[in-house]
Amino acid sequence: MSSNNFAQTFNQILQMMLSVSDKVSDLIFSPGRPPQVELVGQLRAVKIQGLEQLTPAHTQGIAQVLLASNSQNAEKLEKQGSVDVSYSVPGYSRFRVNVFMQRGTHAIVMRVIPNRIPAFEDLNLPLQLKQIAELKNGVVLVTGPTGSGKSSTLAAVIDLINQSKYYHIVTIEDPIEFIHPHKNSTIHQRELYSDTPDFALALRAALRQAPKVILVGEMRDRETVEIAMEAAETGHLVLSTLHTIDAAKTVDRIVGIFPKSEEHVVRTRLAQSFRYIISQRLLPRADRQGRIAAIEILRSTMRTREYIEKGESAGRTLLDAMKDGDNEGMQTFDGILEKYIRNRIITKEDGLAYATNPGNLLLQLTDLDEASPSDAPPPPPPPPPPPAPGQRQAPGMTGGHRYPGGPGGSMLDMIER
């Protein structure tokens, strides 16, 4: 089968998997398993005729389709064992993709990127974060584990700036996720390996491209962190992400990238340049109808700058500053989790599982009466069955999931031709 026909067939597979639910977050292709989707934190198999169990040849073919547009990505996969790319089904959906090797075979995870750029209201973001759009310079970091919504939060912030300011914005991403159209601002989006070899080189080049705002997909190394602080110090607003669990650990991670002999200088520069550190965790809702973000906010104030510059000590921690900083727009994970539990948005068990200090949170909830059976949230409804042949056809599907190649031709027939 030609590469074009294979790509078309693969696009149809993706549409079938997305048709399971509008809450699908990831698609997973692994040898020995059927195609799977992640739905509200749980994996579910999708029944596709002829693909009841993927083979190494199937996943290798899928990898070739995903990497076909850039030979550098194929070389990176061969040398490093994994590669990040973007992929789109025109007029349908876009994906952030990681292709990786495991036990000598290819495996693929595809994160679904919504077609529409999310707004603050869509993500239920704290309104005080809209003040980021008014900043003239400094560093804003959004942190959290993989899949916690960092990219969506940054996309909402960029879109707000795009609508409200007449700025030049440059993004450096690996890969490009949300496509930002020009609105009041002009946006140039650069993708690693397609438009630039690395973050640091692109970030240094951005300083000569006259942007007001620079988005760096991730602070991966010392050079990128150093140039980002330099950019903030020279009048740019720099937005980026880190894979850290909370605000305090974010500061430790940045300081720890540099030699111990430079700690004081780095702390001083970071204290003066940071504006916000926003940390996120996604939790299942009590009704199991999706997930909700718990967001911790550390803001630059005289007190927080002092704690970063001089280091934390007993009674003088960033967590203490956030607990006392309600009037300054700050909040802690555990404070938000307590509100969610009291308002029955999440269960007590889930809240304690995701808390920074479960013991302290449990003490804060001692006055909470146990819910009576009549007050308890209703049990989650059973998940809808996976699509069967002839049901819930995705756009462009033919009746009974039959494809070109003759009556009754299965997806397996198409892939193996």
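The secondary structure of the protein comprises 15 helices and 13 strands. The model is predicted. Of its 417 residues, 50% count as buried. Among contacts with a separation of 6 or more, 58% link residues 24 or more positions apart.

The largest nonpolar core holds 39 residues. Within this core, Ile-172 and Leu-298 touch the most other members. Helix 7 makes the greatest contribution to the core, giving six residues. A second core, separate from the largest, contains 35 residues. Its members include Ala-7, Val-20, Val-89 and Val-112.

The surroundings of Leu-298 were examined further. Residues up to four places away in sequence were not counted. Leu-298 then touches Ala-247, Phe-274, Arg-275, Tyr-276 and Ile-277. Thr-304, Leu-318, Met-322 and Met-330 are also among the residues that Leu-298 touches.

Two helix pairs were analysed. The first consists of helix 6, residues 199–206, and helix 7, residues 222–233. Their axes lie 9 Å apart, and the packing angle is about 15°. Because angles under 35 degrees count as roughly parallel, helix 6 is roughly parallel to helix 7. The crossing of helix 6 past helix 7 is left-handed. On the helix 6 side, the contact is made by Phe-199, Ala-200, Leu-203 and Arg-204. Helix 7 contributes Glu-223, Thr-224, Ile-227, Ala-228 and Glu-230. By class, the residues of this contact between helix 6 and helix 7 are five nonpolar, one polar and three charged.

The second pair consists of helix 8, residues 247–257, and helix 9, residues 263–273. Their axes come within 9 Å and cross at roughly 135°. This angle makes helix 8 oblique to helix 9. Helix 8 passes helix 9 in a crossing that is right-handed. From helix 8, the contact draws on Val-251, Asp-252, Ile-254 and Val-255. From helix 9, Glu-263, Val-266, Arg-267 and Leu-270 take part. The residues of the contact of helix 8 with helix 9 comprise five nonpolar and three charged, with no polar residue.

Definitions and conventions. Residues numbered from 1 in each chain as written. Predicted model: local features only at pLDDT ≥ 70, side-chain atom pairs only at ≥ 80, totals over all residues. Heavy atoms only, no water. Axes fitted to C-alpha atoms, helices over the stretch in contact; angles between N-to-C directions. Helix = DSSP H or I, 4+ residues; strand = E, 2+ residues; numbered from the N terminus. Parallel < 35°, antiparallel > 145°, perpendicular 65-115°, else oblique. Left-handed = near helix turned anticlockwise from the far one by under 90°. Contact = heavy atoms within 4.5 Å. Nonpolar A, V, L, I, M, F, W, Y, C, P; charged D, E, K, R; others polar. Core = buried A, V, L, I, M, F, W, Y, C linked by side-chain atoms within 4.5 Å. Buried < 20%, exposed > 50% of the residue type's maximum accessible area, 1.4 Å probe, protein only.
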